Amino acid sequence: MSHKVAQKLEKFLQQIEQRSHFHAGYPYNLSCDYSEIVKFFNFMLNNAGDPYVEPDFGLHSRQFEQEVLSFFAQLYKIPENKFWGYVTAGGTEGNLYGIFLAREIYPNGILYSSQDSHYSISKAAKLFRIKHQVVDSQINGEISYHHLEQVISQNRNYPVIINLNIGTTVKGAIDNLDKVLEILDRHQIKNYYIHCDAALSGLILPFLDGAPQVNFQKPIDSIAISAKFIGSPLPCGVVLTKKKWVERVETMIEYIGSKDTTILGSRNGHTPLILWYALQSRGYNCLAKEAKTCIWNAQYLFHQLQLREYPCMLNNFSNTVVLQKPSQRLIKKWQLASFENWAHIVVMQNIDKDKIDTFIDELVLEQGLFNQVKNLQLQSVS
Ligand SMILES: *Cc1c(COP(=O)(O)O)cnc(C)c1O
């Protein structure tokens, strides 16, 4: 390798190490170490086609993909013989897939989703030319059940396709499945399809006591989860659905010796290996501990902001702390996503108490909040 190339790579490495150290605004678990499976990156792996149909092509990781899917099927309470799914390129592909299936099942269905839904949902509506009704959100980011009921009742002769947010991108809000089911029931809507966008919270909520549990024991039809929480150097995710829906839409493709059931053709063969390794090395209990820690730390951050009377918000069972937009300097340094007058910190595994304290110190210095806290402490002492 030439000196110039080596230098450039070294510089890039330092840059991303530094950027990873101060990263708090996007929901990525940056605490992951995959050095054990680095050797596989000298091989080409392509899982093109259905994860359950063995192709003639031998360079794939289907056995690992299937084990990953079984883990998620168990977590989401759907029996082995009733589910289907695959490892996707991320939450977006899972959303596209779920809504694609819904459209195939109900060609004249209307897609309902709240204003706070991820932009991949309206992208799906556009790509698949589905009539899309955007539903108002409440202030906390949850769908407005009142508005949903109103628009559903106005279109009661059309099948209903709902995107339910299980943790919105911006505020971490959870749409209430039971309330949505009640609305469908009140209007006697039998033809409906419920897709759940659980990109981030999909791997947090199942581990939290008392949290709303959305799974296949209730009448949901598909769920998309991103690898955000697991943490993967290559973006990826998982989509799960009912086998009976997939059997309706699949077609056999002779050239690849597999069924064309997925959105993409060529599919990353390394990501199933990464997810499998992550699940094997951490296991259910470790993931559960990580989920609880993230929620506790988010509550800690929220409490520290509240103590200083800094405008902020935190939904129940969420690790996304919304706060008033700080200076541009802090937004840049901590890579905070901002929107209107707000920003958020997504408390992932790499955002521990020390980092939260550092952030709070910087915020306090900058905003001149220090005296306020001193006064608060004095008040509580006297
Ligand atoms: C991040 C996110 C997505 C998209 O996931 P990608 O893996 O980035 O494609 C979808 N929905 C929600 C709620 C998200 O937070």
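Visitor: How many disulfides does the count come to in this structure?

Guide: The model is a predicted one, and by the distance rule the count comes to zero disulfides. A disulfide is a covalent bond between the sulfur atoms of two cysteines. In a model, the bond is recognised by a pair of cysteine sulfur atoms within 2.5 Å.

Visitor: How do you know that cysteine 236 is in no disulfide?

Guide: The nearest cysteine sulfur is that of cysteine 32, and it is 10 Å away. The cut-off is 2.5 Å, so cysteine 236 is in no disulfide.

Visitor: What makes the sulfur of cysteine 286 too far from another for a bond?

Guide: The closest cysteine sulfur, in cysteine 294, lies 11 Å from that of cysteine 286. Set against the limit of 2.5 Å, that distance is too far for a bond.

Visitor: Why is cysteine 236 called buried?

Guide: Its relative accessibility is 2%. Buried means under 20%, so cysteine 236 counts as buried.

Visitor: And is cysteine 286 buried, exposed or partly exposed?

Guide: Cysteine 286 has a relative accessible area of 31%. Exposed means over 50% and buried under 20%. The value for cysteine 286 is in between, so this residue is partly exposed.

Visitor: Where is glutamate 65, and how do you know that it counts as buried?

Guide: Glutamate 65 has its place in helix H2, residues 62–75. Its relative accessibility is 0%. That is under the 20% cut-off, so glutamate 65 counts as buried. In sequence, glutamate 65 and glycine 85 are 20 residues apart, while their C-alpha atoms are 9.6 Å apart in space.

Visitor: What makes glutamate 309 count as exposed?

Guide: Its relative accessible area is 58%. Exposed means over 50%, so glutamate 309 is exposed. The residue is found in the loop between helix H8 (270–307) and strand E10 (312–314). Its phi is near 55°, a positive value in a residue other than glycine.

Visitor: Why is phenylalanine 317 called partly exposed?

Guide: Phenylalanine 317 has a relative accessible area of 26%. This value falls between the 20% and 50% cut-offs, so partly exposed is the term for phenylalanine 317. Its place is in the loop between E10 and strand E11 (320–324). Phenylalanine 317 also has a positive phi, of about 60°, although it is not a glycine.

Visitor: Which residues surround the ligand?

Guide: Among them are Gly90, Thr92, Asn95, His118, Thr169, Asp197 and Lys228. Each has a heavy atom within 4 Å of the ligand.

Visitor: How do you know that aspartate 197 makes a polar contact with the ligand?

Guide: An N or O atom in the side chain of aspartate 197 is 2.6 Å from a nitrogen atom of the ligand. A polar contact is a pair of N or O atoms within 3.5 Å, so this pair is one. The side chain of lysine 228 has an N or O atom 2.7 Å from an oxygen atom of the ligand. For threonine 169, a polar side-chain atom lies 3.1 Å from a ligand oxygen. Both of these distances are also within 3.5 Å, so these pairs are polar contacts too.

Visitor: How is empty space found in a structure?

Guide: Rolling a probe the size of a water molecule over the atoms shows where empty space is left. Here a search of the whole structure finds two cavities of 30 Å³ or more. The largest cavity holds about 50 Å³ of space, and the second largest has a volume of about 40 Å³.

Visitor: What makes a space a cavity and not a pocket?

Guide: In a cavity the probe fits but cannot get out, whereas a pocket is open. The largest pocket has a volume of about 900 Å³. Its lining has 38 residues, and Pro27, Tyr28, Ser226, Lys228 and Pro235 lie nearest its centre. Four residues of this lining, the largest share, come from H3.

Visitor: How is the lining of each space divided by class?

Guide: The lining of the largest cavity has seven nonpolar residues, no polar and one charged. Lys355 is in that lining, and Lys counts as charged, so Lys355 is the charged one. The second largest cavity has seven nonpolar, two polar and no charged residues. Ser226 and Gly237 are in its lining, and both count as polar by the class rule. For the largest pocket, the classes are 19 nonpolar, 16 polar and three charged.

Conventions:
Residues numbered from 1 in each chain as written. Predicted model: local features only at pLDDT ≥ 70, side-chain atom pairs only at ≥ 80, totals over all residues. Heavy atoms only, no water. 1 Å grid on protein atoms, 1.4 Å probe; cavity = no way out; pocket = protein on both sides within 12 Å on 5 of 7 lines; lining within 4 Å. Points joined across faces, edges and corners; volume = space filled by probe spheres on them. Buried < 20%, exposed > 50% of the residue type's maximum accessible area, 1.4 Å probe, protein only. Polar contact = N/O pair within 3.5 Å; in protein donor to acceptor, adjacent residues only side chain to side chain. Helix = DSSP H or I, 4+ residues; strand = E, 2+ residues; numbered from the N terminus.
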